[in-house]
Amino acid sequence: MIFLKLILTNLRRHRIRSLISIAGIAFSVAAMLTVVTILQGAIGMFSGILSSDSEIIVFERNVSDLFFSNVPAAAVEQISSWPMVLHADPVLFGIVSSADHPIITCFGVTAADARIRKATWVEGDRRTFAQHTDDVVLGERAAEYLAAALGSHVQIGHATLHVVGILKTANGFEDGGVFMPLNSAQSFFHKEGSSSVVTIKLRNKDDAPGFKQMVHAKFPNLIGLEDAEFNRSYSQFKILKATAWAVGGCGLLLGGLGVANTMIMSVFTRIREIAILRVNGFSNLQIATMIFGESAVVSVFGALVGLAIGTCFLFMLKEVPALHGYIDVTIQPLVLLIVVVLALLTGIAGALYPAVYAMRIRAVEALRFE
Amino acid sequence: MNTTAQSSVRGRVVLRAENVWKSYDEGAIAVLKGIDFEAVEGQAVALCGPSGCGKSTLLHLFGGLDLPDRGQVSVNEIEINRQRNLLRLLRHEVGFVFQLHNLIPDLTLEENCLIPTVAAGIDHRTAQARLGQLAERTGLSHRLGHRIQKLSGGERQRTALCRALMNRPKILLADEPTGSLDESASAVVFDLLLDIVATEGVTLVMATHDRGLAARCDRLLEMHDGRIREPEI
């Protein structure tokens, strides 16, 4: 109890300094949580699109981004005919824009696609999809921010399209996106006769290795990956994840420097007090524990405040119209744990030099200072 | 000049210095020049002398806070050196009282006194019992929960005395313990010091300028220019 009080005493003594350090860690944690959660959410949603009612995704080998992938219609046709395949759905991805919304994800799909079949049609009838080349179906959020209703016309890119349905899906990207018939999308994006990916549903999941081998044998420039395999290996996901953690890490590093500064000041201003503790039998370990304890308190408080700020910030971002459909405020427990542990480690690292300095204080020298 | 200060009282020697030399600034400032000293169990020894004559340095060597350049200091017949467990010495064998009370201002009297027991890992109940005993003897029982800022100078110094005695050390090293107190507070603290030393069998080595107080100790030693001598009475 007294040991704990010794730890807290100095924080109470310099309240403003302690609060600034806590704020430093808090904003770093909030930044890390926000960036990582947004990107993880985006990745999760994107991979959710790809794995919708399918186990395998086929796309062009060695492309850096699926938007640049081209799978020929002939390949789709041939793959669909393989006995192990229950259905193969070609999807063409594109980015379109409207007056106030520079980025809208567009999905070129067939009427048989699970995204159309399994979605909840809020307005319209799925049987009307793909009957005309200028038809478009909007995700619920997209309809909201485009202020479009069933039967209205919306300007998307260079085309004016007729809204034949509004659907609701669990996926934020899809909910904020627009669905065009595959042929229309191919024409819109000048990619006639090709799709970005083909999502494959197998009759038997155990056939997955055989299917991938067949893709490799028949179409050497295509690759088939199981969903989990794709999520692990897709370079864009890897880059996004690394960027998120790097940005968050930089924030935390700055917070750590704040803690280090506080702890150095903390040790320098009580050299005599530490000397007295030494005279009373405190060991190096006990002195170090006191210093690390102080920084741990700052880090833990900072992390808690940061988590609260980050969560509030994410909810606020979710409500920004331009970001509709792109932010999933589901904070993964693992991310939470990593952020808190990193904050704690940052605090400990920040206290390393001050602790070593405190351990080296010689009572006999410190007591000479009056 | 007599440079030795051997105890004339019979008893077990608990503190001994043999030909101790100490200097600072790589030998430029010689503070102690061949000190020989002995104190027996339960003895009160006063070290008198002008400022800078080496009294505090000698007390620091006795408590293991510093090591001599030459010669040796022994506590309970065990030499103080780098190989010795200095933590054990500070936790269980010696207690320090300084001119400035050196208490932690944000803690209460009770918490300040318990610091040595926390360092030594003494269980809370035993520590509380010992504190109760010492607080009663020093007249601080009613002030245990008070913060240091609320205490008078005399009370602070009595608190420092309690803290020094918490782990029942055999040697109490007091560096000008009444130096910052007025006459009446000084008398109270010094009376307490002698009383506790007598009843607990503690050996007291006290540096002081106050010859009146020093005269009440069992022995009075003069220090001058890094040397020690027992004055003719």
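Colleague: Let's start with helix 2 (residues 15-50) and helix 13 (residues 333-350) of chain A: how do their axes come together and cross?

Modeller: Bear in mind that this is a predicted model. As a general idea, you describe two packed helices by the angle between their axes and the distance between those axes. Here the axes of helix 2 and helix 13 of chain A come within 10 Å and cross at roughly 150 degrees. Angles over 145 count as roughly antiparallel, so that is the label for helix 2 and helix 13 of chain A. The crossing of helix 2 of chain A past helix 13 of chain A is right-handed.

Colleague: Which residues make the contact?

Modeller: Helix 2 of chain A brings Ile25(A), Val29(A), Met32(A), Leu33(A), Val36(A), Thr37(A) and Gln40(A). From helix 13 of chain A come Val335(A), Val339(A), Ala343(A) and Gly347(A). For reading such a list, the general idea is that an α-helix has 3.6 residues a turn, so residues three or four places apart point the same way.

Colleague: Now a strand. Along strand 7 (residues 153-156) of chain A, which side chains are buried and which are not?

Modeller: The side chains alternate along strand 7 of chain A. Val154(A) and Ile156(A) are buried and point to one face, while His153(A) and Gln155(A) point to the other face and are not buried.

Colleague: How many bridges join strand 7 of chain A to strand 8 (residues 159-168) of chain A?

Modeller: Four, and the two strands run antiparallel. Val154(A), one of those buried residues, stands opposite Leu161(A) in strand 8 of chain A. The hairpin has two residues between the strands, and Gly157(A) takes a positive phi near 60 degrees there.

Colleague: What about helix 11 (residues 271-279) of chain A: how many of its residues are buried?

Modeller: Seven of nine, so to speak a mostly covered helix. The buried ones are Glu273(A), Ile274(A), Ala275(A), Ile276(A), Leu277(A), Arg278(A) and Val279(A). The cover includes helix 12 (284-318), helix 14 (352-359) and helix 15 (363-366) of chain A. Chain B joins in too, with helix 2 (86-93), strand 7 (94-97) and helix 3 (109-120). Just after helix 11 of chain A, Gly281(A) has a positive phi of about 100 degrees.

Colleague: How many residues does each chain put into the contact between the chains?

Modeller: Chain A puts in 17 residues and chain B 18. On the chain A side, helix 1 (2-13), helix 11 and helix 15 each supply at least two residues. Helix 1 of chain A gives the most, with six residues.

Colleague: And chain B itself: how many helices and strands are there?

Modeller: Chain B has seven helices and 11 strands. Its radius of gyration is 17 Å, close to the 17 Å from the globule rule for 233 residues, so chain B is as compact as a globular protein of that length. The C-alpha trace of chain B spans about 50 × 40 × 40 Å along its principal axes, and 48% of the 233 residues are buried.

Colleague: In what order do the strands of the open sheet in chain B lie?

Modeller: Six strands, in the order 7-8-9-4-10-11, with mixed pairing. Strand 7 and strand 11 (227-229) of chain B are the edges, each pairing on one side only. From one strand to the next, the twist averages 20 degrees. At one edge, strand 7 of chain B pairs in the parallel sense with strand 8 (residues 171-175) of chain B over four bridges. Within that pair, Phe96(B) has Leu173(B) of strand 8 of chain B as its bridge partner.

Key. Residues are numbered from 1 along each chain as its sequence is written. Chains are lettered from A and ligands numbered from 1 in the order in which they are written. This is a predicted model: local features need pLDDT of at least 70, side-chain atom pairs count only at pLDDT 80 or more; totals for chains, interfaces and linings use all residues. A residue is buried if 20 or more other C-beta atoms lie within 10 Å of its own, exposed if 12 or fewer, and partly exposed in between; C-beta atoms are placed from the backbone. Two residues are in contact if their C-beta atoms, placed from the backbone, lie within 7 Å. The radius of gyration is taken over C-alpha atoms; the globule rule is 2.2 Å times the number of residues to the power 0.38. Two strands pair if DSSP finds at least two bridges between them. Axes are lines fitted to C-alpha atoms, for helices over the stretch in contact, and angles run from 0 to 180 degrees between N-to-C directions. Angles under 35 degrees count as roughly parallel, over 145 as roughly antiparallel, 65 to 115 as roughly perpendicular and the rest as oblique. A crossing is left-handed if the near helix is turned anticlockwise from the far one by less than a right angle, and right-handed if clockwise.
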